[in-house]
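Reader: I should like to learn how to read the principal features of a two-chain model. May we proceed from the interface to the individual residues?

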There are 2 protein chains.
Amino acid sequence: MQDSYYMNEAIKLALKGSIYTHPNPKVGCIIVKNNQIIGKGYHRYFGGDHAEVNAVKYCLKKFKKDKGLKLLKGSTAYITLEPCSISSKTPPCTETIIKYGIKKIFCASLDPNKSINGRGVKILRKNNVDVKVGLLKNEAKSINEEFFFRHTKGRPFVRMKIAQTLDGKIALNSGESKWITSKDSREDVQYLRAESDAILVGSGTVKKDNPRLNVRNIKINKDKFRQPKKIILGNVNTKSNLSILKGDSEKIIFSNNPSSTKDSKIKYRKLSNSKTIESLLKELPEFEINSLLVEGGSEVFSSFINKNMVDELIIYISPKILGKNAISSLNIKSPKILKNATNFKIIETVPMKEDIKIIMRRI
Amino acid sequence: MQDSYYMNEAIKLALKGSIYTHPNPKVGCIIVKNNQIIGKGYHRYFGGDHAEVNAVKYCLKKFKKDKGLKLLKGSTAYITLEPCSISSKTPPCTETIIKYGIKKIFCASLDPNKSINGRGVKILRKNNVDVKVGLLKNEAKSINEEFFFRHTKGRPFVRMKIAQTLDGKIALNSGESKWITSKDSREDVQYLRAESDAILVGSGTVKKDNPRLNVRNIKINKDKFRQPKKIILGNVNTKSNLSILKGDSEKIIFSNNPSSTKDSKIKYRKLSNSKTIESLLKELPEFEINSLLVEGGSEVFSSFINKNMVDELIIYISPKILGKNAISSLNIKSPKILKNATNFKIIETVPMKEDIKIIMRRI
């Protein structure tokens with residue numbers, strides 16, 4: 001019971017990493033000695049110290065160096081994810097644990113990353129650290145669902161967001177779509193973006209709406225926040241003055257006709273008619289994309305639905321009616337019988353003042 | 001304060017009439033003497049005794065006749081609606097009040113029915129009953145919104161119910177529409193029907209789906225419940241074996257080509273291309289219809305929306321997608337600019353297990 005309590009505290013700490021850690025996972029760490037918490041830390045932002053290092057630093061600061069070092073020796077650590085065993089932006093956490101004499105580790109789950117998976121645990125055990133794996137495993141995994149998804153499925157978790165009217169329309173025939181949904185809904189979308197590693201949009205939408213596709217108008221710590229990457233499906237002229245090409249986040253253009261560019265932030269990927277959405281998605285993990293937010297328009301929405309590649313569907317419905325000549329959010333082929341219709345499961349409905357938000361998952 | 005308390009009790013009593021009183025209003029009555037409730041009653045079902053009569057009966061039964069009669073003399077009654085002054089199925093309530101010597105009356109609001117409006121109060125005052133009008137007026141009116149609507153606007157309150165998919169479809173092109181929404185949503189619709197005086201459907205839907213359009217599968221007291229009237233918009237063959245023509249509720253067919261029928265339950269009304277939805281609705285109060293539930297299909301939905309004749313719009317959304325060849329719930333002309341789009345106000349969203357229900361009102 002005590003152990004669960006400490007792990008739960010570690011999970012709560014991990015959550016503080018919020019929108020700043022990805023594509024790294026959110027991780028929390030609690031260090032305990034004689035039934036007292038002597039250290040706590042979490043991964044605060046991408047590129048920053050890991051949870052274990054922060055927990056050790058916390059201890060050395062709080063108890064002053066000598067007493068802190070004494071306390072750490074023979075202590076127990078509760079960590080929400082397997083400690084890393086490779087040097088990346090920071091030294092491996094296994095080293096820190098061994099160096100400071102932490103004797104026992106509870107980790108909620110192994111790291112799904114194939115280059116780590118189990119290696120951290122092995123190194124610790126070799127160095128006489130007692131490691132227990134699995135305490136509150138599901139709870140700890142759930143806070144990093146998209147990170148686990150990418151590492152186990154080899155493609156990002158796909159979240160698709162549609163803002164539409166009661167009759168399923170996203171714009172007038174003239175292209176006018178500002179604004180279908182209300183201010184609150186649009187602000188809510190900013191949070192969806194902030195939680196995503198990348199945002200995908202079709203080249204048609206880029207040309208028609210000229211969206212910026214960045215996170216704005218919400219409170220963020222700009223020093224720690226990294227704007228999501230932008231992915232364009234289809235050809236766009238990179239010499240043009242398109243808003244989406246601005247800002248220093250990476251842009252990935254899937255094109256069958258790449259225009260040359262000197263902008264190091266723009267990367268091209270081959271798009272061909274035979275390339276499926278699924279194979280396209282499989283190219284994204286190498287860009288460190290755990291979660292992809294698909295933002296539109298109609299053609300992109302339809303192809304993702306057609307290929308059954310939407311893991312989470314979020315629809316904002318505005319109580320308007322745009323009529324038969326307006327543009328539908330979806331244009332997929334109809335099934336022959338109702339039983340075969342594409343079907344989602346509603347997870348949550350959220351009233352949004354003027355609109356309503358429906359969150360659905362694949363069945 | 002005490003007065004408000006008693007009136008509030010009367011309102012709570014009135015609500016017990018639930019689905020059984022319409023097209024009569026729900027009415028409650030509390031009789032008080034020496035700060036004690038000595039009588040309470042409500043209008044239980046259409047054709048039954050009125051609230052005031054039931055409250056007097058309650059008193060005479062509870063206290064035995066002689067003591068009851070004594071108590072009633074000089075008592076005060078709290079009634080949610082002006083007492084009726086005309087004989088209908090039961091004697092006028094004003095008579096009862098005068099006969100038993102009730103000295104003071106609080107009534108929450110006047111009866112909006114033009115043949116009563118103020119007459120009840122006048123008769124009582126002439127007979128030396130002290131009458132105060134307006135206590136908790138809005139609260140009392142809200143429980144009979146549709147009754148007040150009909151008597152003030154001269155047409156029924158129109159509630160339109162659509163069961164559709166995420167992409168705004170109500171059936172496959174083949175006509176298959178069983179079942180778009182889940183069992184829970186369908187049961188919920190039974191309650192909407194039970195609360196309505198009449199259900200309207202287009203002749204196209206009658207021919208295609210052959211609906212029964214009655215209240216079923218929910219717990220009702222069959223002795224007191226009257227099935228809603230059925231209104232068909234368009235021509236149907238009354239010699240056919242259509243389910244909608246069965247049952248003993250009244251059927252009103254708006255037709256430009258009435259087929260002859262000996263069925264006394266079937267009434268015809270003239271329909272012409274020039275007849276607007278509004279003028280059609282104005283013919284319904286004479287059938288004692290306070291609230292009309294519009295059930296489909298696409299053509300009927302669209303014409304009510306087009307004419308802005310929907311007071312409450314209820315949409316059940318199933319998280320399915322039926323695709324571009326399926327039948328849309330609405331087929332109205334698109335506006336030129338977004339600002340001119342038909343717009344509703346969301347009043348409530350109700351999760352329905354598998355589906356979601358959105359209740360909207362006219363803006």
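**Interface, symmetry and local geometry**

Author: Between them, chain A and chain B bury about 3400 Å², with 67% of this area on carbon and sulfur atoms. Please bear in mind throughout that the model is predicted.

Reader: Which residues of chain A lose the most area to chain B?

Author: They are L166(A), I321(A) and L338(A), which together supply 22% of what that side buries.

Reader: How many residues of each chain take part in the contact?

Author: Contact here requires heavy atoms within 4.5 Å. On that criterion, 42 residues of chain A touch 42 residues of chain B.

Reader: How are the two chains related in space, by what turn and what shift?

Author: One superposes one copy on the other and reads off the operation. A turn of 180 degrees, with a shift of 0.0 Å along the axis, lays chain A on chain B with an RMSD of 0.0 Å. The two copies are thus related as by a two-fold rotation axis. The same surface serves both copies, since 100% of the contact residues of chain A recur in chain B.

Reader: Which residue of chain A comes closest to the rotation axis?

Author: That residue is G168(A), whose C-alpha lies at 2.7 Å from the axis.

Reader: How should I describe a single chain as a whole?

Author: One may begin with its elements and its extent. Chain A contains eleven helices and 17 strands. Its C-alpha atoms fill a box of roughly 75 × 45 × 40 Å along the principal axes. Of the 363 residues in chain A, 58% are buried. As for contacts in chain A with a separation of 6 or more, 69% are between residues 24 or more positions apart.

Reader: How does one read the packing of two helices, for instance α2 and α3 of chain A?

Author: One considers the distance between the axes, the crossing angle and the residues that make the contact. Helix α2 (residues 51-62) and helix α3 (residues 65-72) of chain A have axes that come within 6 Å and cross at roughly 130 degrees. An angle between 115 and 145 degrees is neither roughly perpendicular nor roughly antiparallel. α2(A) and α3(A) are therefore oblique to each other. On the side of α2(A) the contact is made by V56(A), C59(A) and L60(A), and on the side of α3(A) by K65(A), G68(A), L69(A) and L72(A). These residues divide into five nonpolar, one polar and one charged.

Reader: At what angle do α2 and α3 of chain B pack?

Author: In chain B, helix α2 (residues 51-62) and helix α3 (residues 65-72) pack at an angle of about 130 degrees, their axes being 6 Å apart. That makes α2(B) oblique to α3(B). V56(B), C59(B) and L60(B) of α2(B) meet K65(B), G68(B), L69(B) and L72(B) of α3(B).

Reader: Let us turn to strand β16. Is T349(B) buried or exposed?

Author: One compares the relative accessible area with a cut-off, and buried means under 20%. T349(B) has a relative accessible area of 16%, so it is buried. The residue lies in strand β16 (residues 342-352) of chain B. Leaving aside neighbours within four places in sequence, T349(B) contacts P351(A) and I356(A) as well as I356(B), K357(B) and I358(B).

Reader: What is the relative accessibility of I347(A), and how does this residue count?

Author: I347(A) has 49% relative accessibility and therefore counts as partly exposed. The residue belongs to strand β16 (residues 342-352) of chain A. Apart from residues up to four places away in sequence, I347(A) touches I359(A), M360(A) and R361(A). The C-alpha atoms of I347(A) and K67(A), 280 residues apart along the chain, are separated by 49 Å.

Reader: Where should I look for particular backbone geometry?

Author: The omega and phi angles are the values to inspect. The peptide bond from H22(A) to P23(A) is cis, with omega near 10 degrees, and P23(A) sits in the loop between α1 (2-15) and β1 (28-33) of chain A. The bond from K178(B) to W179(B) is also cis, with omega near -10 degrees. W179(B) is placed in the loop between β7 (169-171) and α8 (183-194) of chain B.

Reader: Which value does phi of K353(B) take?

Author: Phi of K353(B) is near 65 degrees, a positive value in a residue other than glycine. K353(B) lies in the loop between β16 and β17 (355-362) of chain B, and its relative accessibility of 68% makes it exposed.

Conventions: Residues are numbered from 1 along each chain as its sequence is written. Chains are lettered from A and ligands numbered from 1 in the order in which they are written. This is a predicted model: local features need pLDDT of at least 70, side-chain atom pairs count only at pLDDT 80 or more; totals for chains, interfaces and linings use all residues. Side-chain values use heavy atoms; hydrogens and water are left out. Copies are superposed by least squares on the C-alpha atoms of residues with pLDDT of at least 70 in both. Helices (H or I, at least four residues) and strands (E, at least two) are DSSP runs, numbered from the N terminus. Buried means under 20% relative accessible area, exposed over 50%, partly exposed in between (1.4 Å probe, protein chains only). Axes are lines fitted to C-alpha atoms, for helices over the stretch in contact, and angles run from 0 to 180 degrees between N-to-C directions. Angles under 35 degrees count as roughly parallel, over 145 as roughly antiparallel, 65 to 115 as roughly perpendicular and the rest as oblique. Buried area is the accessible area (1.4 Å probe) that two parts lose on being put together, summed over both. Ala, Val, Leu, Ile, Met, Phe, Trp, Tyr, Cys and Pro count as nonpolar, Asp, Glu, Lys and Arg as charged, and the others, Gly among them, as polar.
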